[in-house]
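Let's walk through a model together, one feature at a time.

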Amino acid sequence: MLFDTHAHYYDERFDSDRDELLTALPEQGVELVLCPGCDLPSSRSCVELAERYPYIYAAVGVHPGDCGNWMDEDLAKLRDLAVHPKVRAIGEIGLDYYWKDNPPKEFQQNVFRRQLELAQALHLPVIVHDREAHGDSLAIVKEFPEVTGVFHCYSGSVEMARELVALGWYLGFDGPVTYKNARKALEVLEAVPLERILVETDAPYMAPEPFRGRRNHSGYVYRMAETVAQVKGLSTEEAERQTTANGRRLFSIV
Ligand code: NI
């Protein structure tokens with residue numbers, strides 16, 4: 001059984017069949033899903049989904065690409081959402097220097113720090129989005145040694161992966177590990193201990209091979225578990241069992 005630790009089911013691309021799709025997940029071998037928000041409205045939607053489905057949990061947070069209108073009052077609103085019993089992380093939060101239209105770096109860094117402080121105060125893990133911002137992301141999380149979590153869709157170096165693992169972090173692997181040009185991500189997968197690996201879809205984005213280009217969903221997360229199994233020399237069942245146990249441990253789901 002699988003745990004998709006990163007899927008955005010509030011996305012409008014699921015509006016036509018969300019209930020049907022989510023209801024069918026257990027029979028597709030998916031026993032748990034964690035749905036992270038990207039702003040306040042989507043964080044609220046994640047909590048609502050978590051209330052409706054026993055196997056869905058939520059994270060609440062403001063994504064670096066969506067933080068342009070951030071006001072410090074938003075922190076109190078996030079905190080109100082985060083105390084819900086099915087909210088198990090602050091996320092997704094972080095830095096994204098890839099898109100030129102994103103808010104300025106210093107602004108993103110401020111919003112990231114405010115949310116790491118919230119996670120620390122609430123003793124919650126965080127879900128970090130780090131795109132083209134590896135050095136700053138690592139430096140900022142190191143300012144909060146009590147906070148750990150997952151670097152979602154990990155795209156940094158092997159060296160940074162080893163450092164994060166030593167600091168207690170987990171790494172999330174998504175569709176790109178199944179792509180033909182995945183050499184670097186596979187090297188990272190090989191280098192990090194199995195106990196710190198999570199499998200994610202980032203649905204509706206980044207569908208794995210052979211579904212690349214389609215709308216992604218948790219029913220495809222087995223492809224990431226198969227890749228973990230291949231790289232680590234395990235059976236697929238063992239990779240599924242271990243990555244699910246990892247997700248349960250990180251997000252305190254017993
Ligand atoms: Ni995401």
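Q: Are H6 and E92 buried or exposed?
A: Buried means under 20% relative accessible area, exposed over 50%, and partly exposed in between, using a 1.4 Å probe and protein chains only. Here both H6 and E92 are buried. Keep in mind that this is a predicted model, where local features need pLDDT of at least 70, side-chain atom pairs count only at pLDDT 80 or more, and totals for chains, interfaces and linings use all residues. Residues are numbered from 1 along each chain as its sequence is written, and side-chain values use heavy atoms, with hydrogens and water left out.

Q: Which protein donors does the nickel ion have?
A: Donors are N, O and S atoms within 2.8 Å of the metal (3.2 Å for Na, K and Ca); water is not among the atoms, so sites may look incomplete. For the nickel ion they are H6 (NE2), H8 (NE2), E92 (OE) and D202 (OD), at 2.1 to 2.3 Å. Along the chain, their spacing reads H-x1-H-x83-E-x109-D. H6 and E92 link distant parts of the chain, 86 residues apart: H6 sits in the loop between β1 (2-4) and α1 (18-24), E92 in strand β4 (residues 87-96).

Q: How do I recognise helices and strands, and where is Q230?
A: They are DSSP runs numbered from the N terminus: helices are H or I with at least four residues, strands E with at least two. Q230 belongs to helix α8 (residues 222-232). Q230 counts as exposed because its relative accessibility is 67%.
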